[in-house]
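Hi,

Here is the structure I said I would pass on. Have a look at it first, and then read on for what turned up when I went through it.

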Amino acid sequence: MSGDHPAASHSTDTASQQVSTEPVMPADLTWAGRVRATVLAYVALTKPRVIELLLVATIPVMLQADRGQVDIAVIAFTLIGGWLGAGSANTLNMVVDADIDKKMKRTERRPLARRAVATRSALIFGLVLWAASFAVLYFAANLLSSLLVSATIIFYVGVYTMILKRRTWQNVVWGGAAGCMPTLVGWAAVTGSISWQPIVLFLVIFFWTPPHTWALAMRYKEDYKAAGVPMLPVIATEERVTRQMLVYTWLTVISSLALIPATSWIYTVIALLAGAWFLERVTKLYRDTKRGAEVKPLKVFLQSNEYLAIVFCGLAIDAVVGMQTISSYF
């Protein structure tokens, strides 16, 4: 690209901008094929796989908030409202990030990057999902939970995507707060308030996000560099990155243990074992990087997902069983 004539490059960019708002479909698709492709494109805007975190974080928190009880209706409607809110945030995120998504191999197949959906249509879709999320949570749960979801969308799109992401390597540190909000939303949906327990679980996900994201960024470092996103692996040495990952992993595990007084031995054992397992993996990554050995950060990324799922599922089991809490012994 460095040999391209500037004027030609500018002309190409301008032309692409002029047509980028219109959706493009393969000419050989049948009517049914076009409908299916359009539906799948809109579903992809919501990032369905990312929403898995919503399920992992929300259900256990709601069960813990109503320890020993299971209200299926409240859980179901909260998940629907939360899913709509997450889908809105992800869609609006893609609207803002469409330009850099085109430059990254990992994201070049997203709907707006490949022009499967018009930008204006995606914007309207995201706003409609936001309104639907607010309505569902307001009528099925309470005002606090609906306001928390709205705050999450505003923070994720307005603060993380539009301000932090392209300006600082701490983008995922502070921007990750948006992904922690399901803990507060779930608790608020059940109790109508916030207490120290959802805040602890908020911190677990908050501290977990950097090592989780940086492990992936180490694998796709060149993608982020090409898109001009200053992720830590782009601007720092691998040794510094893995050291930071180890620090945040320790903070994650310590935060998970802070919930022990409000749980039984079930959660205690699971949190301790899962924490040791996660720490061992990240410590190994740091030591291998420090001695110059070949590393596979993607394994840490995958294990971080498994760790979070294990801890929160352990909490769900503990809450449903409803055994005597650790604090009750003292």
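Let me start with a loop residue. Arg 115 is partly exposed, with a relative accessibility of 27%. You'll find Arg 115 in the loop between helix 4 and helix 5, and its phi is positive, about 60°, although it is not a glycine. Keep in mind throughout that this is a predicted model.

Lys 47 also has a positive phi, about 50° in this case, and is not a glycine either. Lys 47 belongs to the loop between helix 2 and helix 3 (52-65). Is Lys 47 buried or exposed? Its relative accessible area is 13%, so Lys 47 falls on the buried side of the 20% cut-off.

Lys 47 leads us to Asn 93, since the two are in contact. Asn 93 sits in helix 4 and is buried, at 1% relative accessibility. Apart from neighbours within four places in sequence, Asn 93 also touches Tyr 156, Val 157 and Thr 161. With Thr 161 there is a polar contact between the side chains, at 2.8 Å.

**Helix 6**

Tyr 156, Val 157 and Thr 161 are among the buried residues of helix 6, and so are Ser 145, Leu 148 and Ile 153. The cover over the buried residues of this helix includes helix 4 (72-101), helix 5, helix 7 (171-175) and helix 8 (177-191). Thr 152, another helix 6 residue, is buried too, with a relative accessible area of 14%. Setting aside neighbours within four places in sequence, Thr 152 is in contact with Ala 178 and Met 181.

Two more things about helix 6 (residues 143-164): it has a kink of about 30°, centred on Phe 155, and its N-terminal end is capped by Asn 142. In the cap, a side-chain oxygen of Asn 142 lies 3.4 Å from the backbone nitrogen of Leu 144.

**Aromatics**

How many aromatic pairs does the structure hold? There are 11. Take Tyr 42 and Phe 125: the ring centres are 5.0 Å apart and the planes stand at 75°, so this pair is edge-to-face. Tyr 42 is in helix 2 (residues 31-45) and Phe 125 in helix 5 (residues 119-140), so the pair ties together parts that are 83 residues apart in sequence. Both rings belong to partly exposed residues: Tyr 42 has a relative accessible area of 23%, and Phe 125 one of 22%.

Then there is Trp 214 with Tyr 248, where the centres are 5.7 Å apart and the planes are at 75°, so this pair is edge-to-face as well. It links distant parts of the chain, with Trp 214 in helix 9 (residues 196-219) and Tyr 248 in helix 12 (residues 238-257), 34 residues apart. Trp 214 and Tyr 248 are both buried.

This pair is part of a cluster in which ring pairs link Trp 169, Trp 174, Phe 202, Phe 206, Phe 207, Trp 214 and Tyr 248. Trp 169 has a charge over its ring: the charged end of Arg 240 sits there, 5.1 Å from the ring centre. Elsewhere, the charged end of Arg 106 sits over the ring of Tyr 220, at 5.8 Å from its centre.

**Cores**

Trp 214 comes up again in the largest nonpolar core, which has 68 residues. Which residues have the most contacts inside it? They are Trp 214, Met 245 and Phe 312. Helix 9 gives this core its largest share, 13 residues. Not counting residues up to four places away in sequence, Met 245 touches Pro 211, Trp 214, Ala 215, Met 218, Val 282, Leu 285 and Val 300. A second, separate core has nine residues, including Ala 41, Met 94, Val 95 and Ala 98.

**One last residue**

Val 234 is in helix 11 (residues 232-235) and is partly exposed, with a relative accessible area of 22%. Beyond neighbours within four places in sequence, Val 234 has contacts with Lys 221, Tyr 224, Lys 225 and Val 229. For a sense of distance, the C-alpha atoms of Val 234 and Trp 83 are separated by 32 Å, and the two residues are 151 apart along the chain.

Cheers

Methods
Residues are numbered from 1 along each chain as its sequence is written. This is a predicted model: local features need pLDDT of at least 70, side-chain atom pairs count only at pLDDT 80 or more; totals for chains, interfaces and linings use all residues. Side-chain values use heavy atoms; hydrogens and water are left out. Rings of Phe, Tyr and Trp (its six-membered ring) pair if their centres lie within 6.5 Å; planes under 30 degrees apart count as stacked, over 60 as edge-to-face and the rest as tilted. Helices (H or I, at least four residues) and strands (E, at least two) are DSSP runs, numbered from the N terminus. Buried means under 20% relative accessible area, exposed over 50%, partly exposed in between (1.4 Å probe, protein chains only). A charge sits over a ring if NZ of Lys or CZ of Arg is within 6 Å of the ring centre and within 35 degrees of the ring normal. The bend at a residue is the angle between axes fitted to the seven residues ending there and the seven starting there. Contact means heavy atoms within 4.5 Å. A polar contact is a pair of N or O atoms within 3.5 Å; within protein, one must be able to donate a hydrogen and the other to accept it, and residues adjacent in sequence count only if both atoms are side-chain atoms. A nonpolar core is a set of buried Ala, Val, Leu, Ile, Met, Phe, Trp, Tyr and Cys residues joined through side-chain atoms within 4.5 Å.
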